[in-house]
Amino acid sequence: MLQRALTHRSFAYENGQIPTNERLEFLGDSVLGVVVTETLYRNHPDFSEGRLAKLRAAVVNARALADVAREIELGQHIMLGRGEETTGGRNKASILSDTVEAVIGAIHLSGGITEAAKVIHRLFDPVMEAAASMGAGLDWKTSLQELSASLGLGVPDYLIEDDGPDHMKTFVARVRVGDLVLGNGHGRSKKEAEQGAAETAYQEIQAAQVAEAPAGTPPVSTDA
């Protein structure tokens, strides 16, 4: 089961179409979502449904999962095809995040929801705690729009490119703010890529403010 969880489709393709981790990833995604959602619900009784949804999105997005994978050095154990190996697949957020979900799916099948929850808490409790303290980071698109409006730059406009077959597309996003094209976001959905682009654009604008402002002047912020 663990071996299958670590088998990327590129490896399977080069080795006789053996089973991949994609079905386990599908299962693990749901198991992770249930455990994280219940934990946030119980730990934050005063949060609205909207804020809980933003918290969950901050915890289970591909970049957050990839960070968890890097922390436990999961990448070095993934079975990849030669092409992915040579193009840095062991550090790709999409591959790392998918593999984390596949491992969670395998744990759920072999030990049940109780054992899967133990592992999820061990790996994701720090992520959930960090997300709860976020301000702008809970919804980067909204925060960027508020920041852009406060500076008179207009409404951000997202520029999207996609790659790959319809069932496994990856998206790259940048965002036009005023006369500038900023940010750089990647994801398995347009929404995820846009959030990534909004985050980096927000940070770039904040950094530019700091550089241009007189000493001691705080930058404009939308943090809650």
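**Exercise 1.** Which residues does Glu101 touch, leaving out those up to four places away in sequence?

*Solution.* Start by finding Glu101 in this predicted model. Leaving out residues up to four places away in sequence, Glu101 touches Leu24, Glu25, Gly28, Asp29, Leu65 and Arg188. Next, place Glu101 on its element: that's helix 7, which covers residues 93–132.

**Exercise 2.** Sort Glu101 and Asp29: is each one buried, partly exposed or exposed?

*Solution.* You need the cut-offs here: buried means under 20% relative accessible area, exposed means over 50%, and partly exposed is in between. Take Glu101 to begin with: its relative accessible area is 1%, so Glu101 is buried. Now Asp29, which sits in helix 3 (residues 22–43). Its relative accessible area is 40%, so Asp29 counts as partly exposed.

**Exercise 3.** Which residues does UniProt list for "active site", and why can we say that they gather at one spot?

*Solution.* Look up the record: the unreviewed UniProt entry lists Asp29 and Glu101 under "active site". Then check the spacing. They span 73 residues in sequence, yet no two of their C-alpha atoms are more than 5.3 Å apart, so they do gather at one spot. Finally, look at the pocket: Asp29 and Glu101 are both part of the lining of the largest pocket.

**Exercise 4.** What is the helix and strand content over residues 1–112?

*Solution.* First, the label: in the unreviewed UniProt entry, residues 1–112 carry the feature "domain: RNase III". Over this stretch the chain is 71% helix and 0% strand. To finish, compare the two ends: their C-alpha atoms are 14 Å apart.

Terms used: Residues numbered from 1 in each chain as written. Predicted model: local features only at pLDDT ≥ 70, side-chain atom pairs only at ≥ 80, totals over all residues. Heavy atoms only, no water. UniProt positions renumbered as here; feature names shortened; annotations may be inferred. 1 Å grid on protein atoms, 1.4 Å probe; cavity = no way out; pocket = protein on both sides within 12 Å on 5 of 7 lines; lining within 4 Å. Helix = DSSP H or I, 4+ residues; strand = E, 2+ residues; numbered from the N terminus. Buried < 20%, exposed > 50% of the residue type's maximum accessible area, 1.4 Å probe, protein only. Contact = heavy atoms within 4.5 Å.
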